[in-house]
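Open your viewer, pick a cartoon representation and keep the selection box handy. We will go from stop to stop, picking residues and looking at what surrounds them.

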Amino acid sequence: MRIHNVPTSAALSDPGREYRASEPDAPLRCCLRKSLPDEPVWLFRYSPSSGKGPYAEVGPIFTHVDCPDEPSLDRLPVELLNNPRILRSYNAAGQIHDGEVVELGSFDRVIEGLFNNPEIESLQVRSVSHGCFYFAITRA
């Protein structure tokens, strides 16, 4: 699988972005970890590329202002998967194919099962409580 993070430069396309000098424990979509105290972050609107047309969604996400870390894009970011998450699958046309709540310890199995379906092109990992986008997954 390939993990797709959000570059910090994505914040610059949202004129309504908010600068936060410190937002501890915010899930960062750039380096795929939680923010530390006194790390400057952007809070901004973002639309993941997998949903298209009526399935395109916009929601709030955080990135560093200047990201100090490079995430590993070939393995799941454990720090952002310490709670159940929603996995949404999308076909090549950008339509939602299916959605599933995934419990701790089940991510690899569920991802593999979804990608066994040739109609599924990408997955979005989202928060159960707020529905916020975390990161995308495609086949390697």
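Where is the place of Thr-63? Select Thr-63 and you land in strand β6, which covers residues 59-64. One thing to keep in mind on the way round: this is a predicted model.

**Stop 1: around Thr-63**

Is Thr-63 buried or exposed? Thr-63 is buried, and its relative accessible area is 0%. Now show its contacts, skipping neighbours within four places in sequence. You will find Val-6, Pro-7, Thr-8 and Ala-11, then Leu-28, Arg-29 and Cys-30, and also Val-41, Trp-42 and Phe-44.

**Stop 2: the salt bridges**

How many salt bridges does a search of the whole structure find? The search gives six. Begin with Arg-45 and Asp-14, whose closest N and O atoms are 2.4 Å apart. Arg-45 sits in strand β5 (residues 41-46), while Asp-14 belongs to the loop between β1 (2-4) and β2 (18-20), so this salt bridge ties together parts that are 31 residues apart in sequence. Colour by accessibility and Asp-14 comes out as buried, at 4%.

Next, select Arg-33 and Glu-39. They form a salt bridge too, with 2.7 Å between the closest N and O atoms, and both residues are buried.

Then go to Arg-88 and Glu-57, where the side chains meet in a salt bridge at 2.3 Å, N to O. Here again the pair links distant parts of the chain: Arg-88 is in strand β7 (residues 85-90) and Glu-57 is in the loop between β5 and β6, 31 residues apart. Arg-88 counts as buried at 18% relative accessibility, whereas Glu-57, at 30%, counts as partly exposed. Before you leave the charged residues, select Glu-18, Arg-20 and Glu-23, which are joined into one network by salt bridges that share partners.

**Stop 3: Pro-68 and the cysteines**

Move to Pro-68, in the loop between β6 and β7. Pro-68 counts as exposed, with 54% relative accessibility. Leaving out residues up to four places away in sequence, Pro-68 touches Arg-33 and Glu-39, the salt-bridge pair you have just visited. Draw a distance from Pro-68 to Cys-31 as well: the C-alpha atoms are 8.1 Å apart in space, though the two residues are 37 apart in sequence.

Stay with Cys-31 and show its sulfur. Which cysteine sulfur is closest to that of Cys-31? The closest is in Cys-67, at 3.9 Å, which is too far for a bond. Cys-67 in turn has its closest cysteine sulfur in Cys-30, at 3.5 Å, and this is also too far for a bond. The count of disulfides comes to zero. Cys-31 is buried, at 7% relative accessible area, while Cys-67 is partly exposed, at 29%.

**Stop 4: the five-stranded sheet**

Back to the cartoon. An open sheet of five strands runs in the order β1-β10-β9-β7-β8, and its pairing is antiparallel. Its edge strands are β1 and β8 (96-102), each pairing on one side only. Look along the sheet to see the twist, which averages 25 degrees from one strand to the next.

Zoom in on β9 and β10, which pair in the antiparallel sense over five bridges. Which residue of β10 is the bridge partner of Arg-126? Select Phe-133 and you have found the partner. Now add α1 to the view: α1 lies across β7, β8, β9 and β10, and runs at about 15 degrees to β7.

**Stop 5: the nonpolar cores**

Finish inside. The largest nonpolar core has 18 residues, and those touching the most other members are Leu-76, Leu-87, Ile-111, Leu-123, Val-125, Phe-135 and Ile-137. Two or more residues come from each of α1 (107-115), β9 (122-127) and β10 (133-138), and α1 gives the most, with five.

Select Leu-123 for a close-up. Beyond its neighbours within four places in sequence, the contacts of Leu-123 are Leu-87, Arg-88, Ser-89, Ile-111, Leu-114, Phe-115, Phe-135, Ala-136 and Ile-137. Apart from the largest core lies another, of nine residues, including Val-6, Phe-44, Phe-133 and Ala-136. Two of those, Val-6 and Phe-44, are contacts of Thr-63, which brings you back to the start of the tour.

Terms used:
Residues are numbered from 1 along each chain as its sequence is written. This is a predicted model: local features need pLDDT of at least 70, side-chain atom pairs count only at pLDDT 80 or more; totals for chains, interfaces and linings use all residues. Side-chain values use heavy atoms; hydrogens and water are left out. Helices (H or I, at least four residues) and strands (E, at least two) are DSSP runs, numbered from the N terminus. Buried means under 20% relative accessible area, exposed over 50%, partly exposed in between (1.4 Å probe, protein chains only). Contact means heavy atoms within 4.5 Å. A salt bridge is a side-chain nitrogen of Lys or Arg within 4 Å of a carboxyl oxygen of Asp or Glu. A nonpolar core is a set of buried Ala, Val, Leu, Ile, Met, Phe, Trp, Tyr and Cys residues joined through side-chain atoms within 4.5 Å. A disulfide is a pair of cysteine sulfur atoms within 2.5 Å. Two strands pair if DSSP finds at least two bridges between them. Axes are lines fitted to C-alpha atoms, for helices over the stretch in contact, and angles run from 0 to 180 degrees between N-to-C directions.
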